[in-house]
Amino acid sequence: MAFTREQAFQLIQDHLKSDMLVKHSLATEVIMRHLAGKLGHDVDTWGLAGLLHDLDYNETKDDMANHGLITTAVLDALDDPVSEEIKSAIRAHNAENLGLTRTSPIDLAITCAETITGLVAATALVYPDKKLASVKPKSVTKRMKEKHFAQGVNRDHIRLCEQLGFSVDDFAALSIEAMKEISDQLGL
Ligand SMILES: [Fe+2]
């Protein structure tokens, strides 16, 4: 049988102990699906890579040299095969710590997608209603230039969207629209 989205969602619920990480995974998934649609790639493959990318985070948060590698091992142990494209994209989101180079569009996409989730969410939380509905692409790009805002968000990783043909403004717009689709699940 083919590995399904239901199985992937079950896996992240079993492995990720924090609600915030599950939300981060869902946000990454929906942005990846939108990017794949825009760029003409397989929407389900890109979505699964996004959903699963931090699966081993609880085990590796203090051991980033293994972040992505444990996920690969977990996925390899499943009865239903998970495509190599998904597994290598998951490793690529941690390329710096694994000594890898991001080469394919999915590698670039997973990295900029998972990174912008934090900036979009932090931008939403500044508004009185704390809702994505209030967030404009320009507010996200403005916040991006503020060094002290959401300092943990790697701006260089967001700018990888340019290698996929998106300006940061356009990528911010796509990400906000994508995350709005699951605003109930994200609580934003
Ligand atoms: Fe992540």
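What is the site of the iron ion, with its four donor atoms: tetrahedral or irregular? In this predicted model, local features need pLDDT of at least 70 and side-chain atom pairs count only at pLDDT 80 or more, whereas totals for chains, interfaces and linings use all residues. Residues are numbered from 1 along each chain as its sequence is written, and side-chain values use heavy atoms, with hydrogens and water left out.

The iron ion has as its protein donors (N, O and S atoms within 2.8 Å of the metal, or 3.2 Å for Na, K and Ca) His 24 (NE2), His 53 (NE2), Asp 54 (OD) and Glu 114 (OE), at 1.9 to 2.1 Å. The angles among the four donor atoms run from 92 to 164°, and the site is irregular. Four donors would count as tetrahedral if all angles lay between 85 and 135 degrees; four count as square planar and six as octahedral if opposite donors are over 155 degrees apart and all others between 65 and 115, and anything else is irregular. Water is not among the atoms, so sites may look incomplete. The donor residues follow the spacing H-x28-H-D-x59-E in sequence. Distant parts of the chain are linked by His 24 in helix α2 and Glu 114 in helix α8 (residues 105–126), which are 90 residues apart.

Helices (H or I, at least four residues) are DSSP runs numbered from the N terminus. The axes of α2 and α8 (lines fitted to C-alpha atoms over the stretch in contact, with angles from 0 to 180 degrees between N-to-C directions) lie 9 Å apart at an angle of about 135°. α2 and α8 are therefore oblique to each other; angles under 35 degrees count as roughly parallel, over 145 as roughly antiparallel, 65 to 115 as roughly perpendicular and the rest as oblique. Residues in contact (heavy atoms within 4.5 Å) include His 24, Ile 31 and Leu 35 in α2, and Ile 106, Ala 113 and Glu 114 in α8.

Helix α2 (residues 19–39) also packs against helix α3 (residues 43–52), their axes coming within 7 Å and crossing at roughly 155°. These two helices are therefore roughly antiparallel. Among the residues that meet are Met 32, Leu 35 and Leu 39 in α2, and Val 43, Trp 46 and Leu 51 in α3.

Helix α1 (residues 5–15) packs with α3 at about 10°, the axes being 10 Å apart, which makes α1 roughly parallel to α3. Arg 5, Ala 8, Phe 9, Leu 11 and Ile 12 of α1 make this contact with Leu 48, Leu 51 and Leu 52 of α3.
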